[in-house]
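Grab a pencil and try these short exercises. Each one comes with a worked solution, so have a go before you read on.

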Amino acid sequence: MKLSKILLTYLLLLSCSIAFPAHAEQVDLKHFTSGSYQQLLNKYADKPFVLMIWSINCTSCKKKMPLLSELRKSMPDINLIMLATDDASASNQALPILTGNELNNADNWIFADANSQKLRYEIDPKWYGEVPRTYFLDKDHQRVGVSGSVSRETLEAMLKTIIN
Amino acid sequence: MNHFALLCSTLLLLALSYNLVAKTERLLPEQKIYTATTFGPDGRLWRILSAQKSISIDYSTDFGKSFSQPVRVNSTDMPIHAWDENPPTLAVDRTGRVYVLYFADDKQSSTSFFSHSDNGTQFSAPVKISSEANTWYHYQTEMLIDTANRVHFIWHDVRDRAEYKKQGDGDLSIYHVSARTGKIINLPTDQRIAKNICSCCRTAMAEDVDGSLVILARYVYPGNIRDHGLLKLSPDGKTSEPWRVTFDDWEIEGCPAHGPALSIGANGRYHMVWFTQGEKRSGIFYAWSDDQGKTLSSPTQVGDQDKLPGRADVLALDKQVALAWKVFDGTQTRVEAMYSTDGGLHWSKPQVVAETATQSAHPALITDGKQIFLSWNSMDTGFRLIPIRQSDDDSNQ
């Protein structure tokens with residue numbers, strides 16, 4: 001009896017400890033690696049989308065999140081991709097920020113290659129890495145990239161442009 | 001039965017500790033890329049070795065070909081936490097004392113710690129630099145030992161957040177503390193020396209020939225213009241008002257994460273290099289000043305615009321001046337460099353001095369007082385020390 005209790009406790013705890021890291025990695029926050037940008041273009045073929053690139057330490061990025069969330073509700077046709085340029089090891093810090101801004105159900109990604117310069121180049125060979133960086137792509141994937149915070153007016157106008 | 005219970009408990013502990021270790025190690029990106037080097041008075045090349053939980057130093061007597069047995073700086077494990085724009089710093093003074101500045105997660109993420117040693121064989125216990133290190137997030141700390149044997153630290157600190165709230169985000173302050181070096185170093189309370197600093201760009205610091213400390217930082221000017229300003233700390237501790245020195249008009253409410261570099265030659269000429277994507281200028285630019293930064297030479301563009309040039313460093317050794325920066329072609333990261341023998345008036349053609357297809361740190365220029373070297377770390381090749389000198393092709397330029 002005692003033995004089976006110990007064994008049961010052991011198995012339970014062991015399964016928890018195995019399950020725990022899996023849970024931490026679960027998600028909503030997909031790993032952005034070499035080839036991921038092309039993957040996104042394929043996924044949203046013939047569809048307009050917004051790619052908002054942000055970082056957990058970027059105040060200007062986080063300040064714009066409530067607005068993005070609000071516009072998304074009023075324009076449900078918009079596909080919003082949020083990409084954090086922090087290392088995948090910072091996933092646990094990025095997730096609460098997205099959840100807190102009701103952006104956890106956007107298409108969320110995080111950089112997962114130590115050579116972040118390569119990842120940036122695959123998105124845009126002209127981008128130096130400043131954030132926030134927002135790309136607006138129409139259904140033919142003609143795009144406009146903007147560095148820095150984007151005002152409500154610009155956001156609304158750009159969203160209308162890419163939908164039409 | 002007892003044996004079986006013991007076995008179960010042992011297995012359980014092993015399983016748990018394995019997961020704890022795995023979890024902790026996953027918390028931060030690989031730290032070994034972040035290094036720093038400097039030459040000592042005897043010509044030895046000292047180097048910081050970063051690991052996930054420790055900082056060590058070693059030295060080389062053959063210009064980086066081989067290194068001594070490493071000596072650990074922090075005796076107790078700490079979660080070391082540096083990044084590209086927040087690397088550790090190493091200094092060796094004229095008597096051979098070694099000073100190490102590094103970052104580890106503590107009560108605040110990436111807290112600045114300082115340890116020192118009389119000869120590099122044993123280090124003092126880590127001390128937190130900021131007087132409010134436990135309460136306020138601070139980072140991008142720089143360290144300098146001046147000719148009057150004082151150790152200076154400057155860093156970006158968010159503690160004035162409430163004050164900046166009205167002005168908009170992205171702003172923080174630079175704080176400074178200094179102390180006389182010696183066997184025991186006591187840091188007094190720190191002081192704010194600059195306001196409205198762009199939060200994510202490293203600040204540069206150099207000692208002027210008159211013994212004052214010169215600071216070059218990316219400021220946030222009205223309208224979210226992120227250009228550069230200079231600031232002076234005189235030997236008597238007085239702080240000057242800052243003045244703007246770059247006028248590129250880079251308007252961005254965001255994080256450029258790209259700080260400037262500054263070097264002051266023995267002749268008193270300031271050499272500056274910075275990155276901008278302004279209305280008036282875009283790319284890396286170099287300028288010098290012969291009147292302590294009051295006026296600058298016309299900025300010269302550095303690097304090929306099509307190759308994302310960035311992360312430039314500058315170093316002046318009397319009339320010899322070197323510039324080094326990174327370029328990227330989609331696959332290879334290269335460090336390019338150019339050289340001047342007349343104090344920055346004329347320059348050699350840029351040359352590729354090192355390359356990698358993997359992650360790499362920012363390039364840094366160092367000197368042993370005789371020549372200038374590139375100090376660079378990449379994941380594939382590891383540490384490299386490469387002399388930057390005028391090539392034969394350029395001797396007639």
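**Exercise 1.** In which strand does B:Trp243 lie? Then work out whether B:Trp243 is buried or exposed.

*Solution.* Keep in mind that this is a predicted model. Start with the location: B:Trp243 belongs to β16 of chain B, a strand covering residues 243-244. Next, count the neighbours: 11 other C-beta atoms lie within 10 Å. A residue is called exposed at 12 or fewer, so B:Trp243 is exposed. Finally, look at its contacts. Leaving out residues up to four places away in sequence, B:Trp243 touches B:Gly229 and B:Leu230. B:Gly229 is 14 residues away along the chain, yet the two C-alpha atoms are just 5.3 Å apart in space.

**Exercise 2.** Does the length of helix α7 of chain A add up, and which of its residues are buried?

*Solution.* Take the twelve residues, 152-163: at 1.5 Å a residue they should span 16 Å. The end C-alpha atoms are 17 Å apart, which agrees. Now the buried ones: A:Leu155, A:Leu159 and A:Ile162. Looking down the axis, the buried residues of α7(A) fall within an arc of 70 degrees, so they line one face of the helix. Their cover includes α4 (65-74) and β5 (133-137) of chain A. Over on the other side, A:Glu153, A:Ala157 and A:Lys160 are exposed.

**Exercise 3.** What is the strand order in the open sheet of four strands in chain B?

*Solution.* The order is β1-β2-β3-β4, with antiparallel pairing. β1 (36-39) and β4 (71-72) of chain B are at the edges with a single partner strand each, so one side of each has no neighbour in the sheet. For β4(B), two bridges join it to β3(B), residues 55-60, and B:Ser56 sits opposite B:Arg72.

Terms used
Residues numbered from 1 in each chain as written. Chains lettered and ligands numbered in written order. Predicted model: local features only at pLDDT ≥ 70, side-chain atom pairs only at ≥ 80, totals over all residues. Pairing = 2+ DSSP bridges. Expected span 1.5 Å × (residues − 1). Buried ≥ 20, exposed ≤ 12 C-beta atoms within 10 Å, placed from the backbone. Arc of directions from axis to C-beta. Contact = placed C-beta atoms within 7 Å.
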